[in-house]
Amino acid sequence: MPSAIDQAVQVRLIATAPGPHAVPAVLRYEPSDPLAVRMSFPPEISLDGAAVNWAFARELLAEGLRGPAGRGDVRVRPSDQERTVMEFHAEEGVAMVQMRTADIRRFLARSYEAVPEGSEQMQLDVDRGLAELFGAA
């Protein structure tokens, strides 16, 4: 099974204060969890000084390149031809970041090389997942 795919990306934090707020982030895809993508942000951008990690569907990220997608904690939509906006909703509020669409497309292409779209279910190890869930692993 292919190993995890990590891609460093630069995001712009969209804030009410003027000026750019460039922040490094990492997109991660693990073929062992083929339906999910993870995005990690450094501790300095969080209110409590801890690293911030979000998990969401790979399909949501792909859909958000074409039009508004998501109704839950993570939402994705095009900003213009070159940028995509991601919204992260939490009890503390909403964080919005803007990324280069080309970076997202490159990341998704790498993830589809590892696990082609539509074949995710074949990658899932249901028996192992149930064993872990019930503490038998």
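Colleague: Buried means under 20% relative accessible area, right? With that in hand, is Phe41 buried or exposed?

Modeller: Phe41 is at 5% relative accessibility, under the 20% limit, so it counts as buried. Bear in mind that this is a predicted model.

Colleague: Noted. Before we go further, how many helices and strands are there in the protein chain?

Modeller: The protein chain has 4 helices and 7 strands. Reading from the N terminus, the order is β-β-β-β-α-β-β-β-α-α-α.

Colleague: And what share of the residues is buried?

Modeller: Of the 137 residues in the protein chain, 34% are buried. The accessible surface is about 8,400 Å², and carbon and sulfur atoms account for 52% of that.

Colleague: What about contacts across the sequence? Among those between residues at least 6 apart, what share joins residues at least 24 apart?

Modeller: That share is 38%.

Colleague: OK, back to the rings. How many aromatic pairs turn up in the whole structure?

Modeller: The search finds 2 aromatic pairs. In one of them, the ring centres of Phe41 and Phe88 are 5.5 Å apart and the planes sit at 80 degrees, so this pair is edge-to-face. Phe41 belongs to strand E3 (residues 36–41) and Phe88 to strand E6, so the pair ties together parts 47 residues apart in sequence.

Colleague: Is Phe88 buried or exposed?

Modeller: Phe88 counts as buried, at 3% relative accessibility. Phe88 also pairs with Trp54: their ring centres are 5.1 Å apart with planes at 45 degrees, so that pair is tilted. Trp54 lies in strand E4 (residues 52–57) and Phe88 in strand E6, so here the linked parts are 34 residues apart in sequence.

Colleague: Why does Trp54 count as buried?

Modeller: Its relative accessible area is 18%, and because the limit is under 20%, Trp54 makes the cut. Together, Phe41, Trp54 and Phe88 form one aromatic cluster.

Colleague: Nice. Changing topic: how many salt bridges are there?

Modeller: The count comes to 6 salt bridges. One of them joins the side chains of Asp6 and Arg28, at 2.6 Å from N to O. That pair links distant parts of the chain, with Asp6 in strand E1 (residues 5–14) and Arg28 in strand E2 (residues 22–29), 22 residues apart.

Colleague: How accessible are Asp6 and Arg28?

Modeller: Asp6 is partly exposed at 40% relative accessibility, and Arg28 is partly exposed at 29%.

Colleague: Which residue of strand E6 bridges to Arg77?

Modeller: That would be Glu87, whose side chain meets the one of Arg77 at 3.7 Å, N to O. Arg77 is in strand E5 (residues 74–78) and Glu87 in strand E6 (residues 83–90), so the bridge ties together parts 10 residues apart in sequence. Arg77 is partly exposed, with a relative accessible area of 29%, whereas Glu87 counts as buried at 15%.

Colleague: What does Asp103 pair up with?

Modeller: The side chain of Asp103 meets that of Arg100 in a salt bridge of 3.3 Å, N to O. Asp103 counts as buried at 10% relative accessibility, and Arg100 is partly exposed at 40%.

Colleague: Last one: which residues are joined into one network by salt bridges that share partners?

Modeller: Asp6, Arg28 and Glu30 are joined that way.

Terms used:
Residues are numbered from 1 along each chain as its sequence is written. This is a predicted model: local features need pLDDT of at least 70, side-chain atom pairs count only at pLDDT 80 or more; totals for chains, interfaces and linings use all residues. Side-chain values use heavy atoms; hydrogens and water are left out. Helices (H or I, at least four residues) and strands (E, at least two) are DSSP runs, numbered from the N terminus. Buried means under 20% relative accessible area, exposed over 50%, partly exposed in between (1.4 Å probe, protein chains only). Contact means heavy atoms within 4.5 Å. Accessible areas come from the Shrake-Rupley method with a 1.4 Å probe; for residues, only the protein chains shown count as cover. A salt bridge is a side-chain nitrogen of Lys or Arg within 4 Å of a carboxyl oxygen of Asp or Glu. Rings of Phe, Tyr and Trp (its six-membered ring) pair if their centres lie within 6.5 Å; planes under 30 degrees apart count as stacked, over 60 as edge-to-face and the rest as tilted.
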